[in-house]
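Thanks for coming, everyone. I have one structure to walk through today. Please have a look at the sequence and the model before I start.

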Amino acid sequence: MPDTVENQRAYPQPICQKPGLGFPLARIAAVFSLACGAVLDLRICRYAGKGQSELGMLRTLWDMFKPGDVMLADRLMCAWTEMVMLKQRGVDCVCRLTSHRAADFRRGKSLGHDDHIVIWHKPRKPRSIDTRTYNALPEFLVIRECRVQIKQPGFRVKTVVVATTLLDAEKYTKDDLAQLYRARWNAELDLRSLKETLKMDVLRCKTPELVRKEIWTHILAYNLIRTIAAQAATRHSIEPRTISFKGVVQTLEAFQPVIAMRGEYDAVHRNVLYEHLLDAIASHKVANRPDRFEPRLRKRRPKPYSRLMKPRRITKLYMLKRLTSI
């Protein structure tokens, strides 16, 4: 976001950057719907500091989960305390096993090849919760661990261990859990749509209050686009995620002059126009490419300008004095 005094005070830049050379930075945590990609809730905080981690933000978000929900997340959310508290709310978790734990499939109750149930004992009290809450937690958590071998050429990871509180091996097979965790990548695509397609990666407001309003305005526009895509999918009996998000945005922009011209007509004309809009949106389908892989490299070169290594006001003073050593 813009480098103003107000933004720096509310969302300070990382401490690794020198004062005047960085930009205010905010961390956001969002909960997406796996079915349609809509943002169910979101939190905003400083990039670093006590209580500003992703787990800390999860604790402020879990009131939105309902009994019977399943939280699908990456390994950063595979934490004993949070998984226990969600389980007490009737919410199950499917996460990749954190790097702080090692899966030993010679132990526990075997459910099949590379599939077993183990006991995770209560760890030491984390600083994030108080003593009373910690003492009320159970002494152990029953966890199912499944190891999945990835043989697809080009994929970076070859072995994934999925940790879950879904213990019924007949109802939820190992292959089901593997496919479910693979679907977690949709969250990365949703974030890309939000930050890149809707241009939310760099904010423009100069005060923290307006920055938060700008973020929520992006969320409102994003969810409205997802709503229209879901309506088009329902009309044509297809899955919402088979419709291209960027294709929806481009179709809405193409229909905007027609909507503006015919918006004053009666409800019948507006409904007919909206049906044509949904039909056009449903035609923008995403190809089914489950085994696609791309190199994590950039082809576009940056502009050949030197970096701004001093505060802007100092650099402008150098320019006024016509000095080249900046």
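Let me begin with a definition: two strands pair if DSSP finds at least two bridges between them. Keep that in mind for the sheet. This is a predicted model, by the way.

Now, strands β4 and β8. β4 covers residues 92–96 and β8 covers residues 159–164, and 3 bridges join them. That count meets the cut-off of at least two, so β4 and β8 pair. The two strands run antiparallel. For a concrete position, take V94: the residue opposite V94 is T164 in β8.

Next, the whole sheet. What is the strand order? Reading across, the order is β3-β4-β8-β7-β6-β5. That makes 6 strands in an open sheet, with mixed pairing. At the edges sit β3, residues 70–73, and β5, residues 109–112. Each of these edge strands pairs on one side only. On average, neighbouring strands are turned by 25° against each other, direction ignored.

Which helix packs on this sheet? Helix α5 does, residues 174–182. Helix α5 touches β3, β4, β6, β7 and β8. Its direction makes about 85° with that of β7.

Let's go to the β5 end. 3 bridges join β5 to β6, and these strands run antiparallel. K109 has I117 in β6 as its bridge partner. β5 and β6 form a hairpin with 2 residues between the strands. In that hairpin, D114 takes a positive phi near 55°.

On to the helices. Two packed helices are described by the angle between their axes and the distance between the axes. I have three pairs, and I'll go along the chain.

Pair one is α6 with α7. α6 spans residues 185–197, and its axis comes within 10 Å of the α7 axis. The crossing angle is roughly 120°. Therefore α6 and α7 are oblique to each other. The crossing is right-handed. D190, S193 and L194 of α6 make the contact with H218, I219, Y222 and R226 of α7. By class, that is 3 nonpolar, 2 polar and 2 charged residues.

Pair two is α7 with α8. α7 is residues 208–235. The axes again come within 10 Å, but here they cross at roughly 95°. So α7 and α8 are roughly perpendicular to each other. From α7, the contact uses Y222, I225, R226, I228 and A229. From α8, it uses F245, V248, V249 and L252. The classes are 8 nonpolar, no polar and 1 charged. Note Y222 and R226: both are in the α7 contact with α6 and in the α7 contact with α8.

Pair three is α8 with α9, residues 245–262 and 267–282. How do the axes cross? They come within 10 Å and cross at roughly 165°. That makes α8 roughly antiparallel to α9. The crossing is right-handed. On the α8 side we have V248, T251, L252, F255, V258, I259 and R262. On the α9 side we have R270, L273, H276, L277, A280 and I281. The tally is 9 nonpolar, 2 polar and 2 charged.

Last topic, salt bridges. The count comes to 15. One of them joins E82 and R59, with the closest N and O atoms 2.7 Å apart. E82 lies in helix α3 and R59 in helix α2, so this pair ties together parts that are 23 residues apart in sequence.

That's my tour. Over to you.

How values were computed: Residues are numbered from 1 along each chain as its sequence is written. This is a predicted model: local features need pLDDT of at least 70, side-chain atom pairs count only at pLDDT 80 or more; totals for chains, interfaces and linings use all residues. Side-chain values use heavy atoms; hydrogens and water are left out. Helices (H or I, at least four residues) and strands (E, at least two) are DSSP runs, numbered from the N terminus. Axes are lines fitted to C-alpha atoms, for helices over the stretch in contact, and angles run from 0 to 180 degrees between N-to-C directions. Contact means heavy atoms within 4.5 Å. Angles under 35 degrees count as roughly parallel, over 145 as roughly antiparallel, 65 to 115 as roughly perpendicular and the rest as oblique. A crossing is left-handed if the near helix is turned anticlockwise from the far one by less than a right angle, and right-handed if clockwise. Ala, Val, Leu, Ile, Met, Phe, Trp, Tyr, Cys and Pro count as nonpolar, Asp, Glu, Lys and Arg as charged, and the others, Gly among them, as polar. A salt bridge is a side-chain nitrogen of Lys or Arg within 4 Å of a carboxyl oxygen of Asp or Glu.
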